Amino acid sequence: MAREKLKEEDKRKLNSENFKKLYSIFQYLIPYRTKFIVGLIFLVVGSFLLMGFPYIAGKLIDVAGGDQSWYLKDINQVALALMAILFLQGVISYFRVYLFAQVSENAMADVRNDLYKRLIHLPINFFDKNRTGDLMSRITSDVSMLQTTFSTTLAELIRQVVTLVVGLTAIFITTPALSVFMLCVLPVLIVAAMIFGKKIRVLSRKSQDELAISSTIAEETFQSILAVKSFTNETFENRRFSAAQSRVASTAIGAAKYRAAFISFIIFALFGAMVAIIWYGALLMQRGEMSIGDLISFVLYTAFIGGSIAGLGDLFGQLQRAIGASERILEIQQEDTEHEEVVVSTQPVDNVLGNISFENVTFSYESRKDIKVLNQLSLNIQSGEKVAIVGKSGAGKTTIAQLLMRLYKGYEGAIKIDNKEIGTYDLAQLRASIGIVPQEIILFGGSIRENIAYGNPLATEEEIIAAAKKAHAIEFIDSFPEGLDTLVGERGIKLSGGQRQRIAIARTILKNPAILILDEATSSLDAESENQVQQAFNELMKNRTTLIIAHRLATIKSVDNIFVLENGSIKESGNHDELLGRTNSTYNHLVNLQLVE
Ligand code: ADP
Ligand code: MG
């Protein structure tokens, strides 16, 4: 399962090679460097300012006790100085956070854009191998992870390091004896926290995995809700989901046991350490080696230092996850796109006639290398001819269409259009010369107008209406109150199959390709809409080389030539009457099967 694999990959070692990966994403910040650097300066200044706080707070107590050695002599003045520092620090933090957000949001929008551009240009075969959910999570959550890294994590890292260094320096300068004592206590705490922390992380990872599994169940059932209902399997699905839920709960509770123990230990240990430090400080004070103010600033510094150490521990885990995320993003950026350069042109090949030939084509899909879907297949189609390919389901008919559009590479033999190997054409031009109407039409979630114009984004209103007329779609479009502006719903769900089909035909009419492929385009229609759709198809097929892939033989009686596909190659060819005339032909057999049906 891809989800679990993702979890495993989540964390990466912090070695130089992995940091290089993070760095390559970091480079997206370069265009925004000025703001980034100003933000960094604010960050460092703010952190330093805050570290003055414990020192002055200590002075406040000493001044109150009558100490006049500092240059502020009055407690009101000192208190004001404290407030001033806090205020200044607040203002600086505001600008720092805002600047970092601007930089990281812009940079990550760039990362998402690059990623999307790359993904959409990857060959179909990549999408066969990768699940949509996985790709989506790279664009969304992985990039968000990095966004947090470059805004918060990085800032925190710098802030905590400043706190740690300044804090340690300050206490060592003011009270060296107590500092040494503290350094003996602190490591015990840190080690304990690390051990507990690891155990808790492992357990909460496990409960997250369980949660992911249960949401997969929910996702699947919602997507196939029709199947669930028609099999009345609601109760079954309910049980499956609730079993997953109890696993989520029990692992989470297991983790909570450790967290509870950890929290009570930490509270005890932390305050114990504080008591020890205060006790030792009090001892030093009794001996006159330290003022109350010094002790107070010392305790405050210790709290700051403790906080920064804990914070750094967290950051470590976040950096590891950020590396995992950047790796998954880079993986996609390293995939080869279909076109070497991004092609802007969507013009069809100049003066294309539409002669098609397959010469001894052998092909296997990458995921099933051992099965030859096409085996030494040869066929010829003359410009303007209407031909049909028939064959059993799974015979390879759609594969032929996909190879012609160069959706898959890696076939043996030659596939030519107008006597030129298809690989020699510009890919965008080649695809602009071929129109395909598939069996299941999936529209985009916009208006009917937008969906028709998808065939040619430059089409005028008149052209769109003309195409809708030719596709026999105008009648039903006009019957909607909103006309062309009618929204079709997600994937076109608000339209009937026949209506979707006619919109797809109008779209292809606008595209105006020289070569047309109808891939079982009428097989799922009812008799009534089939009639109208058939008229639309007749209009569409005019003056185009047309390849009809069909398993309903009624639709292909009148074509010029029929190819019968079997075992990966063309078994027979000829027109309907010729093939029917041959005794023992596969075609005869197919026709008989349908007559029986
Ligand atoms: P048809 O259109 O004639 O029903 P297809 O061309 O869709 O058949 O499929 C031919 C064979 O190739 C089938 O066995 C199918 O399972 C397999 N196939 C189709 N698409 C893929 C793919 N993307 N990856 C692997 N195998 C595929
Ligand atoms: Mg098919």
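This is a short tour of a predicted model, one selection at a time.

**Stop 1: the two domains**

Start wide. Colour residues 8-174 together with 320-338, which make up domain 1, and then give 176-289, domain 2, another colour. If you place a marker at the centre of each domain, using C-alpha atoms, the two markers sit 24 Å apart.

**Stop 2: helix H3**

Now select residues 33-64, which is helix H3. How far apart are its end C-alpha atoms? The distance is 47 Å, and that agrees with the 46 Å you should get from 32 residues at 1.5 Å a residue. Next, click on Pro-54: H3 bends there by about 25 degrees. Then step past the end of the helix to Gly-66, which follows H3 and has a positive phi, near 100 degrees.

**Stop 3: helix H10**

Move along to residues 292-333, helix H10, and pick out Ala-310 inside it. Is Ala-310 buried or partly exposed? It is partly exposed, because 16 other C-beta atoms lie within 10 Å, and a residue needs 20 or more to count as buried. While you are here, draw a distance from the C-alpha atom of Ala-310 to that of Gln-320, ten residues further along the chain: you should read 16 Å.

**Stop 4: an open sheet**

Time for some strands. Look for the open sheet of four strands, ordered S2-S1-S4-S5 with antiparallel pairing. Strand S2 (374-381) and strand S5 (420-421) are the edges; each has a single partner strand, so one side of each has no neighbour in the sheet. Within the sheet, select strand S1 (residues 356-363) and strand S4 (residues 412-417), which run antiparallel and are joined by five bridges. To see one of these bridges, show Thr-362 and its partner in S4, Glu-412.

**Stop 5: the shell around ligand 1**

Click on ligand 1 and show the 13 residues around it. Which of them come nearest? They are Tyr-365, Gly-394, Lys-397, Thr-398 and Thr-399. Now highlight residues 397-404, helix H11: it gives the most to this shell, with three residues. Colour the shell by class and you'll get three nonpolar, seven polar and three charged residues.

**Stop 6: strand S7 and its neighbours**

Next, select 515-519, strand S7. How many of its five residues are buried? Five, so to speak a full house: S7 is mostly covered. In a regular strand, side chains alternate between the two faces of the sheet. Turn on side chains to follow that here: Ile-515, Ile-517 and Asp-519 are on one side, Leu-516 and Leu-518 are on the other, and all are buried.

S7 has a partner in strand S6 (residues 434-437), which runs parallel to S7 and is joined to it by four bridges. In that pairing, Ile-434 stands opposite Ile-515. S7 also pairs with strand S8 (residues 545-549), again in the parallel sense, over five bridges. Here, look for Ile-517 opposite Leu-547.

Before leaving, check the loops at either end of S7. Asn-512 is in the loop between helix H16 (497-511) and S7. Its phi is near 55 degrees, a positive value in a residue other than glycine. Glu-520 is in the loop between S7 and helix H17 (527-541). The phi of Glu-520 is positive too, near 50 degrees. Asn-512 is partly exposed, with 18 other C-beta atoms within 10 Å, and Glu-520 is also partly exposed, with 19.

**Stop 7: strand S9 and the hairpin**

Last stop: select residues 561-566, strand S9. Why is S9 largely enclosed by the rest of the structure? Because five of its six residues are buried.

Add strand S3 (residues 386-390), which pairs with S9 in the parallel sense over four bridges. Ala-388 has Ile-562 of S9 as its bridge partner. Then add strand S10 (residues 569-574), which pairs with S9 in the antiparallel sense over five bridges. Ile-562 turns up again here, standing opposite Gly-574 in S10. Finally, zoom in on the turn of the hairpin that S9 and S10 form: two residues lie between the strands, and Asn-567 in the turn has a positive phi of about 50 degrees.

Definitions and conventions:
Residues numbered from 1 in each chain as written. Chains lettered and ligands numbered in written order. Predicted model: local features only at pLDDT ≥ 70, side-chain atom pairs only at ≥ 80, totals over all residues. Near = placed C-beta within 6 Å. Nonpolar A, V, L, I, M, F, W, Y, C, P; charged D, E, K, R; others polar. Buried ≥ 20, exposed ≤ 12 C-beta atoms within 10 Å, placed from the backbone. Pairing = 2+ DSSP bridges. Domains from an automatic or database assignment. Expected span 1.5 Å × (residues − 1). Bend = angle between axes of the 7 residues up to and from the residue.
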